[in-house]
Amino acid sequence: MRKLKTRLHRIVFSFPIQLLLVELKKNQLQLIYWVLIYAIVSGSLFTRYGLHYLFVDPEYLGHVNALSFFIVGISFGTFVMAFNISSYLLNAHRFPFLASLSATFFKFSLNNFILPTLFFFIYLYRIVSFQYFDELRSLGQVMFNVMGFFAGYTLLVWLVFRFFKVINTDVFKMYEIETADSNSHTKPLTYSFKQGVRNYETTEHPHSWHVEVYLASFTRLRIVRDVSHYPTTMLKAVFKQNHRNAAIFQITLFLIFCTLGLLSDFSLFKIPAAASLLLLFAMFIMLAGVVRFWLRGWATLVMLLFFIFINYLTQFPFFNTTSKAYGLNYHIRPADYNLQTLAVNADSVACVKSLDTTHQILNNWLINQQQAKPKLVLLNISGGGVRSMLFSYKALAVIDSTLQGNLMRHTTLIAGSSGGMIAATYFRQQYVANRFKPLATAQLQEGINAVSKDLLNGIAFKLTVSDLFFNSQRVVDGSYHYVKDRGTAWEKQLTDNLPLLSNKRLIDFKTIEYEAKVPLIVYTPTVINDGRALFIASQPVTYLLQAPTTTLGNDATIVNGVEYATFFAAQDAMNIKISSVLRLNSTFPYVSPVVSLPSVPPIEVMDSGIRDNFGITTSARYMMVCKQWIEENTSGVIVLQIRDTYKQAAIQQSGAPTYMQKLAAPFRNLSGNFLLMQDYSNDALIAMVQSSIKVPVSTVNFELPDSEHKVSLSWHLTKRERMFTLAQMYNAYNQNQLQQLKQLLR
């Protein structure tokens, strides 16, 4: 029993356990980074938005392979070593016996293994599980990727230890004495636990932590010796030298970040986003450690004042760069955004003029039809990241094939949000590139492959290497200059994935839409200043700026929108890139930067899904204003809706809520059900239109159902998610809707 107590005592007061305890007691801020990374990798944080994909499926040069995992392994090794260095700076003085050891930092890191090792194996498990079950890679491929990660991690750790060994002068050799661990052989682990003699340090500093044994190598323990006989200056020299090396490591990390930011345009330097995020955390953890080491008790106050100062600076234009839409002129006098200009923008004269243009487009559409009174199709597509892009494109492809390539010919208007509108824009552009002829099977497959590609990695990389710091890089579009940010990275990746949209501008669609060779597309991003919609179209659509009514320019209604082309005519509105329009229409909070338009005050816009994720409001206004023309020239309207969610969502079951769940419930339920609330309003709008228009108004819905593992709302999809999404157009419900559509169009 006595031997057992001795062993347990030695375990509790072993250096690894005491290091873990000192971290838990003294350095909680350092542990936050571990908790944050664990939450991301394990899928506990932002899973719905696919943030964990960056870590378990890293992409480099367009591929996920051993090389991409090797780079992430190097970055993870950097993070681990930054943690060890920061921990050494903050905690080494609590363990005076360290100064009596050779290779001090190596032995400190060796004993500080519990957190890094635990996380290392959790990370490996998540990689293997995800790669094998979600990406459906072979076991050989998975193991090869894991080997790449392990090789990168091992290489970095080895290089750092070599760096510390080479750069350090052996202080004890300078004084021609032996270190405490140099005059006897190390003992195996079991030997140190069996010994009853306490040979640990006898004279302890008041703030030192009691330690009895430490790891001298990967397999051997040593008993801590008394260091009271060593001169204090000698012990301090060891710590001082390692502190200098820590500063070198911090400067190196900062230079690496600067280099990545400056060279981010070159594909070779676009490392996986997970790698850049780990490097960012490594730099933060080192910086916090250095600040706390030098300022001690004043560190928290100084850091708080520093953040207040930085926040103060960001109110000045030089320090507060805003994301802009490419093609717009920000160098001339901005437009005035106030109630007076909104009223002028939506006056009755402009409404009538824009409606005349739409009637002419409808007349051109009617000429292209093959029957006297055809059915008019309005296409509404929901947002939802890449999952919506892929499902919407697949739905369009299947519907178009079923209709023998005539979907674009039947459709007069496309409206919606985010990813779905990207898919619709690309599908329509393929149709234009194919000389307005039905797309072949090979072209449709090419489109499916294109819209399912990753859009997340480039955004996350740009965010970590430049957007969080002072960004001095610029992008040039014609004679205009803009700040290069993660919005730039998103557009670049989008046009790389969908090359048919590259360098396309709003003006390029004006003629073909006017001639009704393709449907009119109306993009409706949300103005976050006041909640209005920004109507972006190549044709004047002023009549859409008020609530659904047959009376144009009704003074009793609030102008709840801005007609983009007219409002920003002086700022070269029609020159805007389509990639920028799609970005405005897909700006998700915090993922993409809020876009600022050239007005006073600046109009800031975000995802159209905030206001109308399904485009139904736009279609309802369109039908009500064009009511007379529709009744006279068509046999009915088909509202064709493509959704990335079920309309009839199941009611969630839950047990007794905790106190925190009760506290968060109002906000969680409001944000979680806002699309459902939009559906309630949209159903009321459609019912109003059906009762107002004398011809039939039918609705056909194609839906992406929930799976056992929901498809993430992200700019990245796994292989299993892609397979599931593509298969859903062939389920019983969607096939029934497809047959209903065919019947309606006969």
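Colleague: Which residue stands opposite Leu379 in β7?

Modeller: In this predicted model, the residue of β7 that stands opposite Leu379 is Ile414. Strand β6, residues 375-381, runs alongside β7 in the parallel sense.

Colleague: What makes β6 and β7 count as a pair?

Modeller: Pairing requires at least two bridges between two strands, and β6 and β7 share 5 bridges, so by that criterion they are paired. On another flank, β7 pairs with strand β10, residues 520-523, again in the parallel sense and over 4 bridges, and there Gly416 has Tyr523 of β10 as its bridge partner.

Colleague: How do you know that β7 is mostly covered?

Modeller: A residue is called buried when its relative accessible area is under 20%, and 6 of the 6 residues of β7, which spans residues 411-416, are buried. For the protein as a whole, 55% of the 746 residues count as buried.

Colleague: Why does one side of β10 and of β18 lack a neighbour in the sheet?

Modeller: The sheet is an open one of 5 strands, arranged in the order β10-β7-β6-β17-β18 with parallel pairing. Because β10 and β18 (697-703) stand at the edges and each has a single partner strand, one side of each is left without a neighbour in the sheet. From one strand to the next, the twist averages 20°.

Colleague: How many bridges join β17 to β18, and which residues face each other there?

Modeller: Strand β17, residues 636-643, is joined to β18 by 7 bridges, and the two run parallel. Ile642 has Phe702 of β18 as its bridge partner, while Gln641 stands opposite Asn701 in β18. Between β6 and β17, too, there are 7 bridges in a parallel arrangement, with Lys375 matched to Gly636 of β17.

Colleague: Why is β17 described as largely enclosed by the rest of the structure?

Modeller: The description holds because 8 of the 8 residues of β17 are buried. Looking at the two directions in turn, Gly636, Ile638, Leu640 and Ile642 point one way, whereas Val637, Val639, Gln641 and Arg643 point the other way, and all of them are buried.

Colleague: Turning to the helices, why is α16 called oblique to α31?

Modeller: Helix α16, residues 385-402, and helix α31, residues 732-745, pack at an angle of about 45°, and their axes are 11 Å apart. Angles under 35 degrees would count as roughly parallel and those from 65 to 115 as roughly perpendicular, so an angle of about 45° fits neither class and α16 is oblique to α31. The crossing of α16 past α31 is right-handed, and the contact is made by Phe391, Val398, Ile399 and Thr402 of α16 together with Asn734, Leu738, Leu741 and Lys742 of α31. Sorted by class, that contact has 5 nonpolar, 2 polar and 1 charged residues.

Colleague: Why does Thr300 count as buried or exposed?

Modeller: A residue is exposed when its relative accessibility is over 50%, and Thr300 stands at 66%, so it counts as exposed. Thr300 lies in helix α13, residues 299-313, and its C-alpha is 9.7 Å from that of Ala288, which is 12 residues away in sequence.

Colleague: How many helices and strands does the protein have?

Modeller: There are 31 helices and 18 strands. Among contacts with a separation of 6 or more, 81% are between residues 24 or more positions apart.

Terms used: Residues are numbered from 1 along each chain as its sequence is written. This is a predicted model: local features need pLDDT of at least 70, side-chain atom pairs count only at pLDDT 80 or more; totals for chains, interfaces and linings use all residues. Side-chain values use heavy atoms; hydrogens and water are left out. Axes are lines fitted to C-alpha atoms, for helices over the stretch in contact, and angles run from 0 to 180 degrees between N-to-C directions. Angles under 35 degrees count as roughly parallel, over 145 as roughly antiparallel, 65 to 115 as roughly perpendicular and the rest as oblique. A crossing is left-handed if the near helix is turned anticlockwise from the far one by less than a right angle, and right-handed if clockwise. Contact means heavy atoms within 4.5 Å. Ala, Val, Leu, Ile, Met, Phe, Trp, Tyr, Cys and Pro count as nonpolar, Asp, Glu, Lys and Arg as charged, and the others, Gly among them, as polar. Buried means under 20% relative accessible area, exposed over 50%, partly exposed in between (1.4 Å probe, protein chains only).
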